Amino acid sequence: MNQLNFRLIQLNLSGIGCWLTVIGLAWLLGAIGLGWLVKSVVLLMLLLVLTPVLLFVGLRFWLQRNLIRGTCPVCTTALTGLQAAETVCPSCGTPLTILTTGFERVAEPGTVDVVAVDVVAVDVVDTTAETDANLPSGSAN
Ligand SMILES: [Zn+2]
């Protein structure tokens, strides 16, 4: 049992001893001409740390430029979509094209969309019933 304990090499890799071991190992490798190995390992570690950060920042930048929020031109439901894509309004089922300015209804070329402005509701009175009743009976001939 004692012979087994002598053969074990134990390193205390906690706290500052861990960093001293890493720095000492890097210095030792650099001293024997394997500095390129240390540099490549450090570069690999930097890439492992920086790649997710750069991907996250790039994805946010891309989404800010390409995510369009607007409303459906037919039913005014709030919509979100990617620029230069086509979608269907989930509320009314209208096919829509997503432009930088917002959502636009897909229509055949030459179709004009008209937007009604200041429409006033007017009560419709049936005047034909009154005129028929007021007419003399012989005037129909
Ligand atoms: Zn709609």
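How many of the 32 residues of α3 are buried? I looked, and the count is zero, with the helix hardly covered. I'm keeping in mind that this is a predicted model.

**Overall layout.** I counted four helices and five strands. Walking along the sequence, I get α-α-α-β-β-β-β-β-α. Burial is scarce in the protein as a whole: 4% of its 141 residues count as buried. I also checked contacts with a separation of 6 or more, and residues 24 or more positions apart account for 18% of them.

**Helix α3.** I wanted to know if its length adds up. The helix runs over residues 35-66, and at 1.5 Å a residue it should span 46 Å; I find 45 Å between the end C-alpha atoms, so the two agree. There is a kink, though, of about 30° at L50, shortly before the proline P52.

**Hairpin.** Next I went to β1 (residues 67-71) and β2 (residues 78-82), which pair in the antiparallel sense over five bridges. T71 stands opposite A78 of β2. Six residues sit between the two strands of this hairpin, and in the turn I noted T76 with a positive phi of about 55°.

**Core.** Which residues make up the largest nonpolar core? I list five: C72, L79, L96, I98 and F103. I then took L96 and left aside its neighbours within four places in sequence. L96 touches two other core members, C72 and F103. Its remaining contacts are E86, T87, V88, C89, E104, R105 and V106.

Technical notes:
Residues numbered from 1 in each chain as written. Predicted model: local features only at pLDDT ≥ 70, side-chain atom pairs only at ≥ 80, totals over all residues. Core = buried A, V, L, I, M, F, W, Y, C linked by C-beta atoms within 7 Å. Buried ≥ 20, exposed ≤ 12 C-beta atoms within 10 Å, placed from the backbone. Contact = placed C-beta atoms within 7 Å. Expected span 1.5 Å × (residues − 1). Bend = angle between axes of the 7 residues up to and from the residue. Pairing = 2+ DSSP bridges.
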